[in-house]
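Here is a short structural report, written to be read beside the coordinates. It begins with one side chain and its partner, then widens to the whole chain.

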Amino acid sequence: MDNHEKILQEVRQALSELRQEEKAAGQEALGRLQELRVKYLGKKGEITQMMKQMGTLPKEERPSFGQKVNSLRQKVEEAFEQRKSELEERIKEKKLAAERIDVTLEKPEAGMGGVHPLTKVYRQVRGIFEGMGFQVVEGPEIEFDKYNFEMLNIPKDHPARDMQDTFYVTDDIVLRTHTSPVQIRTMLGHQPPIRVICPGRVYRTDDVDATHSPVFNQIEGLVIDKGITFADLKGTINTFLRQLYGEQTKTKFRPGFFPFTEPSAEVDATCSLCGGKGCPACKGAGMVEVLGCGMVNPKVLENCGLDPEVYSGYAFGLGLDRLTNIKYGITDIRLLYESDVRFLRQFR
Ligand code: DAH
């Protein structure tokens, strides 16, 4: 056997041994293949060396020698190429098998979602007011100090500011502490008659506890027209609370103070949990405070370019979180924000 045949056999032998090893690790086998290739076909490889010997042969022997070495080189190269593509195919198959997804596997049961209690009560409140002809408008949560306080008759350095601990963004911009600035925006942008509710998030620098959260939700109401009186306010609020808590609900209007309304009132309603008998939720009183309201202060109308001799109106503000807690007997506001499904499931 001449030495060409020997080399060819050697290569084939090595490549077939590789076949055994490759089962364990495809990438490694590829590396080994490359090493073998260098051994025979690299710059200092055996076949390359043979080519270089040609110069030492007598002239007439060179052509046939060259032909033979070339044909050997071709065969060896082919053998390597074939092994390489076989190996790569194997690696691909292995990878595909490892990453296979069984599409016939059943997925775990997708739980049925539900509406959050805050959203539930909001939708109900909104529905009641829409039924009375109110429109829903919204305003920004980052608000001008001017709209949040000043034009609502709460000037800088006025003690009334202390009622609302405020996140200041700059001296002139705040995170709104209530939805009342939407009143101002509405009056500046629209001529009466105005009949709107304004829902939204509000912010105060309150520490979190069972009854406080630095972020909570309010719904503001505003009605402006000619000839609006306190009787309209009372009728609307009574209708609203009876629809929300039931026909048997009684209300009580107590004198209150808000800089942007005059006169102002705070409204209590029969505790919907005990029906007025007294329970832990209403602390035995049988009634709970549900909102603040009043006739729009003439100064506020003037601030918005409306003539208080021509127009009058009322406003009210309610805490959606509070309303929700009262409705369901929830005693800790944090439950509304913690997204604990054990709590939320009860409202599905
Ligand atoms: N803005 C008040 C607050 O956050 C709530 C309020 C009270 C709004 C009376 C009103 C109102 O429009 O008339 O405490």
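Glutamate 77 is partly exposed, with a relative accessible area of 30%. The model is predicted, so its side-chain atom pairs count only at pLDDT 80 or more.

## Salt bridges

Which residue does glutamate 77 meet in a salt bridge? The partner is arginine 73, at 3.7 Å from N to O. Arginine 73 is partly exposed too, at 24% relative accessible area. Both residues belong to helix H4, which spans residues 62-98. They sit 4 residues apart there, and about one helical turn separates them.

Helix H5 (residues 117-131) holds a pair with the spacing of 4 residues, about one turn of the helix: glutamate 130 and arginine 126. Their closest N and O atoms are 3.1 Å apart, and the two form a salt bridge. Glutamate 130 counts as partly exposed at 38% relative accessibility. Arginine 126 is partly exposed as well, with a value of 31%.

A third pair joins two strands. Aspartate 268 forms a salt bridge with arginine 254, with 2.8 Å between the closest N and O atoms. Aspartate 268 lies in strand S7 and arginine 254 in strand S6 (residues 251-258), so this salt bridge ties together parts that are 14 residues apart in sequence. Is aspartate 268 buried or exposed? Its relative accessibility is 9%, so it counts as buried. Arginine 254 reaches 27% and counts as partly exposed.

The three pairs are set out below.

| Acidic residue | Basic residue | Closest N to O distance |
|---|---|---|
| Glutamate 77 | Arginine 73 | 3.7 Å |
| Glutamate 130 | Arginine 126 | 3.1 Å |
| Aspartate 268 | Arginine 254 | 2.8 Å |

How many salt bridges does the structure hold? The count is 12. Salt bridges also link Asp145, Glu150 and Lys156 in a network.

## Charge over the whole protein

The protein carries 49 positive and 51 negative side chains. The centres of these two sets lie 6 Å apart.

## Overall form

The protein has 11 helices and 9 strands. Its radius of gyration is 42 Å, while the globule rule gives 20 Å for 348 residues; the protein is therefore more spread out than a compact globule. Along the principal axes, the C-alpha atoms fill a box of roughly 125 × 45 × 35 Å.

What share of the residues counts as buried? Of the 348 residues, 41% do. The accessible surface comes to about 20000 Å². Carbon and sulfur atoms account for 51% of that surface.

Contacts tell a further part of the story. Take those between residues at least 6 apart in sequence: 66% of them join residues at least 24 apart.

## Helix H7 and its cover

In H7, the buried residues are Pro181, Val182, Gln183, Ile184, Thr186 and Met187. What covers them? The cover includes strand S2 (142-144), H6, S4 and strand S5 (215-225). Helix H9 (298-303) and strand S9 (312-319) are also part of the cover.

## Backbone details

Two cis peptide bonds deserve a check. One runs from proline 192 to proline 193, with omega near 5 degrees. Proline 193 is found in the loop between helix H7 (181-189) and strand S4 (194-203). The other runs from glutamate 262 to proline 263, with omega near -5 degrees. Proline 263 is placed in strand S7, residues 261-270. Aspartate 268, from the strand-to-strand salt bridge, lies in S7 as well.

Two residues other than glycine have a positive phi. For asparagine 153, phi is near 70 degrees. This residue is in the loop between helix H6 (145-148) and strand S3 (173-175). For lysine 283, phi is about 55 degrees. Lysine 283 is found in the loop between S7 and strand S8 (287-296). Is lysine 283 buried or exposed? Lysine 283 is exposed, with a relative accessible area of 79%.

Key: Residues are numbered from 1 along each chain as its sequence is written. Side-chain values use heavy atoms; hydrogens and water are left out. The radius of gyration is taken over C-alpha atoms; the globule rule is 2.2 Å times the number of residues to the power 0.38. Buried means under 20% relative accessible area, exposed over 50%, partly exposed in between (1.4 Å probe, protein chains only). Contact means heavy atoms within 4.5 Å. Accessible areas come from the Shrake-Rupley method with a 1.4 Å probe; for residues, only the protein chains shown count as cover. Lys and Arg count as positive and Asp and Glu as negative; His and the chain ends are not counted. The place of a charge is taken as NZ of Lys, CZ of Arg, CG of Asp or CD of Glu. A salt bridge is a side-chain nitrogen of Lys or Arg within 4 Å of a carboxyl oxygen of Asp or Glu.
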